[in-house]
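User: I would like a close look at a single part of this structure, explained for someone in the first year of study. Please begin with the part I ask about below and then connect it to its surroundings.

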Amino acid sequence: MVKCSFCGDILKPGTGKMFVLIEGKALYFCTMKCEKNMLKLKRKPYETRWTKLYKKAEK
Ligand SMILES: [Zn+2]
């Protein structure tokens with residue numbers, strides 16, 4: 001099972017997008033929104049309110 005590298009949502013088969021970094025690490029994104037936030041805006045999931053990782057960190 002693959003989870004979105006940014007928001008932590010589970011990707012359904014046939015959805016989402018894989019992004020491979022130069023160093024060979026693969027990232028998965030459920031939506032363009034997640035991709036943009038991580039790659040363009042350089043946001044951290046733990047500091048971004050709408051991600052699942054943020055909610056975990058808040059506990
Ligand atoms: Zn996502």
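In which sense do β1 and β2 pair, and over how many bridges?

Analyst: The model is a predicted one. In it, β1 and β2 pair in the antiparallel sense, and the pairing runs over four bridges. The two strands form a hairpin with five residues between them. Within that turn, Gly24 has a positive phi of about 95°.

One residue of the hairpin deserves particular attention, namely Lys17. Its bridge partner in β2 is Phe29. Lys17 is partly exposed, with a relative accessible area of 42%. The side chain of Lys17 also takes part in a salt bridge with Glu35, where the closest N and O atoms are 3.2 Å apart. Because Glu35 lies in helix α1 and Lys17 in strand β1, this pair ties together parts that are 18 residues apart in sequence. Glu35, in contrast to its partner, is buried: its relative accessible area is 11%, which is under the 20% limit for that term. As a general principle, side chains of opposite charge can pair when their charged atoms come close.

The loop that follows β2 leads to the metal site. The zinc ion is coordinated by the SG atoms of Cys4, Cys7, Cys30 and Cys34, at 2.2 to 2.3 Å. Why is the arrangement of donors called tetrahedral? The four donor atoms subtend angles of 104 to 113° around the zinc ion, and this makes the arrangement tetrahedral. For comparison, the ideal angle for four tetrahedral donors is 109.5 degrees. Along the sequence, the donor residues follow the spacing C-x2-C-x22-C-x3-C. Two of these donors, Cys4 and Cys30, link distant parts of the chain: Cys4 belongs to the segment before β1 (17–20), while Cys30 belongs to the loop between β2 (26–29) and α1 (32–40), and the two are 26 residues apart. Cys4 is buried, with 4% relative accessible area, whereas Cys30 is partly exposed at 25%.

The segment before β1 has further connections. The count of salt bridges comes to two, and one of them joins Lys52 to Asp9, with the closest N and O atoms 2.9 Å apart. Since Lys52 lies in helix α2 (residues 52–58) and Asp9 in the segment before β1, the pair ties together parts that are 43 residues apart in sequence. Both residues are partly exposed: Lys52 has a relative accessibility of 42%, and Asp9 has one of 30%. Pro13 is found in the segment before β1 as well. This residue is exposed, at 82% relative accessibility. The C-alpha atoms of Pro13 and Met32 are separated by 17 Å, the two residues being 19 places apart along the chain.

Finally, the loop between α1 and α2 contains Thr48. Thr48 is buried, with a relative accessible area of 6%. A polar atom of its side chain lies 2.9 Å from the backbone oxygen of Lys44. Leaving aside residues up to four places away in sequence, Thr48 touches Phe6, Arg43 and Tyr54.

To return to the request, the antiparallel hairpin of β1 and β2 is joined to helix α1 through the salt bridge between Lys17 and Glu35.

How values were computed: Residues numbered from 1 in each chain as written. Predicted model: local features only at pLDDT ≥ 70, side-chain atom pairs only at ≥ 80, totals over all residues. Heavy atoms only, no water. Donors = N, O, S within 2.8 Å, 3.2 Å for Na, K, Ca; no water. Tetrahedral: all angles 85-135°; square planar, octahedral: opposite > 155°, others 65-115°. Buried < 20%, exposed > 50% of the residue type's maximum accessible area, 1.4 Å probe, protein only. Salt bridge = Lys/Arg side-chain N within 4 Å of Asp/Glu carboxyl O. Polar contact = N/O pair within 3.5 Å; in protein donor to acceptor, adjacent residues only side chain to side chain. Contact = heavy atoms within 4.5 Å. Pairing = 2+ DSSP bridges.
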